[in-house]
Amino acid sequence: MIPVTLYMFANLGLGLLIPNYLESVAHTTSFLAGFSLLPGTLIGAVLSPLFGSLYDKIGSTKLLFIGNGIFAAILLCMALITHEMNFVTITLSYIVFTIGRSMAFSTSMTASVDGIPVSLQSDANAILQGTQMFMGAVGTTVVALFGSDQRGIEAGLQNFFWVLFVISILIFIMFVFRNEKNKKSEV
């Protein structure tokens, strides 16, 4: 459940900060700033059923690690090149970000309720949805603080990329512990 909420934190946070960065720093129009998120969002939505199908075929472990690996790698890249980012690089980076996040997010959602008795799954889903809403609110609040960085929105965006990269490492650690726990329970 914790990775699910952290992915929502990242998604809503970047959804707020990226358009502001594009308007303030890259001097794009508000239309293009908002549009920069659309290709990634559409690709993530189209790929979600594929990730569900892959989950059914290969299980959660590989999808969690691959998805979070893509998520972590693109966050590291974006943190390192923030000062050179423009509309095109942000749009392309956000596509890769969304692919990794969607793969890991949807798999985490399913894995969170997998193994819970059917009679309790609706309660588990309600808890997941509630915590997502909470972390989305926290994400937009935290991003507002990063966006108001005295050194400028560019520095705030770069710092937020670094925070998300650290979060991606923490998520890897959670997945490793989950994987080890699952191996022990199989024995």
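**Helix packing and nonpolar cores in the predicted model**

Phe105, Met109, Ser112 and Val113 of helix H5 are in contact with Gln121, Ala124, Asn125, Leu128, Gln129 and Gln132 of helix H6. Sorted by class, the residues of this H5–H6 contact comprise five nonpolar and five polar residues, with no charged ones. The structure is a predicted model, and the values reported here are computed from it.

Two packed helices are described by the angle between their axes and the distance between the axes. For H5 and H6, the axes come within 9 Å and cross at roughly 140°. H5 is therefore oblique to H6, since angles have to be over 145 degrees to count as roughly antiparallel. The crossing of these two helices is right-handed.

Two residues, one from each of these helices, were examined individually. Gln121 belongs to helix H6 and is one of the residues that meet H5. With neighbours within four places in sequence set aside, the contacts of Gln121 are Val113 and Ile116. Gln121 counts as partly exposed because its relative accessibility is 26%, which falls between the limits of 20% and 50%. Thr98, by contrast, is located in helix H5 and has a relative accessible area of 4%. Thr98 is therefore buried, the limit being under 20%. Outside its neighbours within four places in sequence, Thr98 touches Gly40, Thr41 and Gly44.

Helix H6 also packs against helix H1. The axes of H1 and H6 come within 7 Å, with a crossing angle of roughly 40°. H1 is thus oblique to H6, because an angle must be under 35 degrees to count as roughly parallel. This crossing, too, is right-handed. On the H1 side the contact is formed by Val4, Thr5, Leu6, Met8, Phe9, Leu12, Gly13, Leu16 and Leu17. On the H6 side the residues are Leu128, Thr131, Gln132, Met135, Gly136, Val138, Gly139, Thr140, Val142, Val143, Phe146 and Gly147. The H1–H6 contact contains 13 nonpolar and eight polar residues, and no charged residues. Leu128 and Gln132 are listed in the contact of H6 with H1 and again in the contact of H6 with H5.

The largest nonpolar core has 42 residues, of which Leu14, Ile18, Leu75, Phe97, Phe160, Phe161 and Leu164 touch the most other members. At least two residues of this core come from each of helix H1 (2-24), helix H4 (60-80), helix H5 (87-113), helix H6 (118-147) and helix H7 (153-186). The highest contribution is that of H1, which supplies eleven residues. The contacts of Phe161, leaving aside its neighbours within four places in sequence, are Leu14, Leu75, Met78, Ala79, Thr82 and Met85. Separate from this core is another one of five residues, including Tyr55, Leu63, Met103 and Ala111.

A backbone feature was noted in the loop between H1 and helix H2 (30-35), where His27 is found. Most residues other than glycine have a negative phi. His27 is not a glycine, yet it has a positive phi of about 55°. His27 is also exposed, because its relative accessible area of 64% is over the 50% limit.

Definitions and conventions. Residues numbered from 1 in each chain as written. Predicted model: local features only at pLDDT ≥ 70, side-chain atom pairs only at ≥ 80, totals over all residues. Heavy atoms only, no water. Core = buried A, V, L, I, M, F, W, Y, C linked by side-chain atoms within 4.5 Å. Buried < 20%, exposed > 50% of the residue type's maximum accessible area, 1.4 Å probe, protein only. Helix = DSSP H or I, 4+ residues; strand = E, 2+ residues; numbered from the N terminus. Contact = heavy atoms within 4.5 Å. Axes fitted to C-alpha atoms, helices over the stretch in contact; angles between N-to-C directions. Parallel < 35°, antiparallel > 145°, perpendicular 65-115°, else oblique. Left-handed = near helix turned anticlockwise from the far one by under 90°. Nonpolar A, V, L, I, M, F, W, Y, C, P; charged D, E, K, R; others polar.
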